[in-house]
Structure formats: C-alpha cells, structure tokens
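Open the model in your viewer and keep the selection tool at hand. We will move from stop to stop.

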Amino acid sequence: QLRDALAQEYEVRTVDLESGRVPNDIDMLILVAPENMSDMALFAIDQYLMRGGSVFVAAGAYGLTYDQYSGGLGLRQLEGGLGDLLASYGIRIEPSLVMDTQNEPFPVPVARQVGEQVVQELQAIPYPFFVDIRSDGMATESQILSNLTALTLNWASPLTIDEAANADREVVALLRSTANAWTQADANIQPNFDLYPEWGFPMGTATQPYTLAVSVRGSFGSYFAGKPYPSKPAETVEEMASEAADEPLPPIIERSPETARLVVAGSSEFLNDLVFSVSSSMMGDRYLNNLKMVQNIVAWATEDQDLLEIRARGTSARVLAALSEGEQRGWEIANYAVVLLGLGVVAVITA
C-alpha cells in the first residue's frame, strides 16, 4: 500500500544497493525494515546522503515473524540493519520496545470457558505496543505532520538523539509517546492477563515520553570517512568486470552539503500491509494517516511545497480525542441522565 500511495504522485522504483551506488536521478531513498545490509549497501546509502540526497528510514530494533508455538505473530530482533550507520549520524535506535497506556486496540486470541469446553475467540484489547500518538505528541510546526491528528507506531523502538553530533543541524523530534510510556527489553508480545490483569504485560516502574521519529537537515559526516572502500561480493565483481573493468572508483565523499535530509522512524512495521489490515478491522481508515505522513516526508524532502499545501487543505482520517476512564464514566452517566430526564419530561407532558 505504501508503494501504491507514493505512485499516485511520483515514479516509484526499486534500487539495487549492492551495486554500491544510488542512481543520480533518485530524488529520495526510502528504506523500510532494512536488515542483513552488506557494507556495499551501507556505502550506497551513505554516499547518496553525502551527495546531498534525502533518506527516509523506517527501522526499529524488532520485526514481525510467525510464532510457531502460539500459532500467532511474534517478534524477532533484526540483524544487520542500519543501527551503526545511523548512530554515526547522531541517531541511535535503542534495543527495546516502547509501550504506552495511550494505545490502539489489537485483536488477540483469548481463551473463554463455554460449559465444559474452552474456546479461543478474538477480542479487541488495549495493546501497549501500538503507540497512539495524538497532536500533543507531534511536532505540529513541521510540514511533515501537516493536517495529521493521530498516528500509530507499531512495535516501535525509542530513538536517542546525540545532541553534540547534531549541534549544527536542524533537528526536529517529530513524534513522541505520552509521559505514561515505558520500555520492554524482550520480544514477548503475547499478553498474559492472568499475571497482569490491567495491560496483559508488566508495566515499567519508571515512565517517560520517548522520541519515536525525528527529522534532521544539515551537513553530515560520512560513515566511511577514513575507511577503505567496502569489498563487493565476488559475484557482483564478476558481473561488473566486463562493464567497467578499467573504470576508476570515485573518491569517497566525506561530508555532505547542508541540503542533505534524513528522517528516521523507530518502527519497522508501521507501514506493513498486514498491520494495516489489522488496524482497519479495529479503527477503520485511521491507518491511512501513516501513509500520508510518508507522502508528506517525500514532499518535504523534495521541497514540493505545492503538494504539502494541497494536503494541508485536504482531509485525513480523524479520530476522537482519547478519554480517561473517569471521563468515560462521566459521559456514560451523562447519557443515562439525559435519557431519564427525557422520560421525565414525556411523563409530565402526557400526565
């Protein structure tokens, strides 16, 4: 769905990073859930950014997998991603998962006793791993979040911004969790309401807001500065030998111009079609906001102001403001009171 959404306005092309180069006619490079990246692929990304390119990375510490024991979804730690590369740019992806009391529901199989039988049924439960971000957790001054009122980041990892490394760059913390968020260091995502009746998971003793997405604009230093050229896989070298046997390797660009742009979201799965399917069954078209944010990122990175202004005047999937339990009870009592008052008025009139 991400490809289809971007194809409405742009030419979308798959790029082979193993060549060590990103073509010059690519306006923005998008990397979703990257893993098992070779040094040559990292070099291609780095040198594209050093040429003043724009890069968007959707990468958390964990990715979806099939849990063969439970028969449901599970998480696995992603290996060989962009962690070291991004850390060299001053953005660290922490090896943990953010959980928040403000969250989107998730259908979970729950055992229920029916007579003498135990049956499994799907129930929508509050799911702390689906962090529900409203306007108070957004950098609303950023064009990237133009006209968006709610976003969901699924199984997201917190981001740490190195202030010293980014001192001379324009850094915006785009998305934050609420102050009632905590982190979990393991990949267990199946709730246990017998042990933890409130959330299905242990709640952290210390809560705080966590940065979940960030945009950076400015001059970056190369991850490969002072290093030799990465070696290419043998098959790649053989394939390219006939085409460019005598072609000299270009020098490594060690510093980007001020026009370079980097956006990082700490979730590998918030653009996953499977997650969209689950979200649409629970929350309707809210998931479209995730796609719209990426469209806005591309327009911001390519300085397509016209598209940003059009979207700002357009519509997005709007959601009701989150209510606390006390507020929910208050509205419930008010509904009953209005009905009783109405019945009383009818009784007086007909008496």
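Start with F220. This residue is buried, at 0% relative accessibility, because anything under 20% counts as buried. Keep in mind that the model is a predicted one.

**Stop 1: the partner of F220**

Add Y89 to your selection. The structure holds 14 aromatic pairs. One of them is Y89 with F220, an edge-to-face pair. The ring centres are 5.6 Å apart, and the planes meet at 75°. Now trace the chain from each ring. Y89 is in the loop between α3 (83-88) and β5 (91-93). F220 is in the loop between β13 (211-217) and α4 (234-244). The two residues are 131 apart in sequence, so the pair ties together distant stretches of numbering. Is Y89 buried or exposed? Y89 is buried, with a relative accessible area of 2%.

**Stop 2: F106 and W155**

Select F106 and W155 next. Their ring centres lie 6.2 Å apart, with the planes at 80°. An angle over 60 degrees counts as edge-to-face, so that is the label for this pair. The pair links distant parts of the chain, 49 residues apart. F106 belongs to strand β7 (residues 103-114). W155 sits in the loop between β9 (150-154) and β10 (159-161). Check the surroundings of each one. F106 is buried, at 10% relative accessibility. W155 is buried too, at 1%.

Now widen the selection. Which residues form one aromatic cluster with F106 and W155? Add Y127, F129, F130 and F201 to see the cluster.

**Stop 3: charges over rings**

Select K227 and F224. K227 lies over the face of F224, 5.7 Å from the ring centre. Then jump to R261 and W300. Here the charged end of R261 sits over the W300 ring, at 4.9 Å from its centre.

**Stop 4: S38**

Finish at S38. Where does S38 lie? Look in the loop between β1 (29-32) and α2 (39-50). S38 has a relative accessible area of 21%. Buried means under 20% and exposed over 50%, so S38 counts as partly exposed.

Show the side chain of E18 as well. A polar contact of 2.8 Å joins the side chains of S38 and E18. Last, pick the C-alpha atoms of S38 and G81. They are 9.1 Å apart in space. In sequence, S38 and G81 are 43 residues apart.

Terms used. Residues are numbered from 1 along each chain as its sequence is written. This is a predicted model: local features need pLDDT of at least 70, side-chain atom pairs count only at pLDDT 80 or more; totals for chains, interfaces and linings use all residues. Side-chain values use heavy atoms; hydrogens and water are left out. Helices (H or I, at least four residues) and strands (E, at least two) are DSSP runs, numbered from the N terminus. Buried means under 20% relative accessible area, exposed over 50%, partly exposed in between (1.4 Å probe, protein chains only). A polar contact is a pair of N or O atoms within 3.5 Å; within protein, one must be able to donate a hydrogen and the other to accept it, and residues adjacent in sequence count only if both atoms are side-chain atoms. Rings of Phe, Tyr and Trp (its six-membered ring) pair if their centres lie within 6.5 Å; planes under 30 degrees apart count as stacked, over 60 as edge-to-face and the rest as tilted. A charge sits over a ring if NZ of Lys or CZ of Arg is within 6 Å of the ring centre and within 35 degrees of the ring normal.
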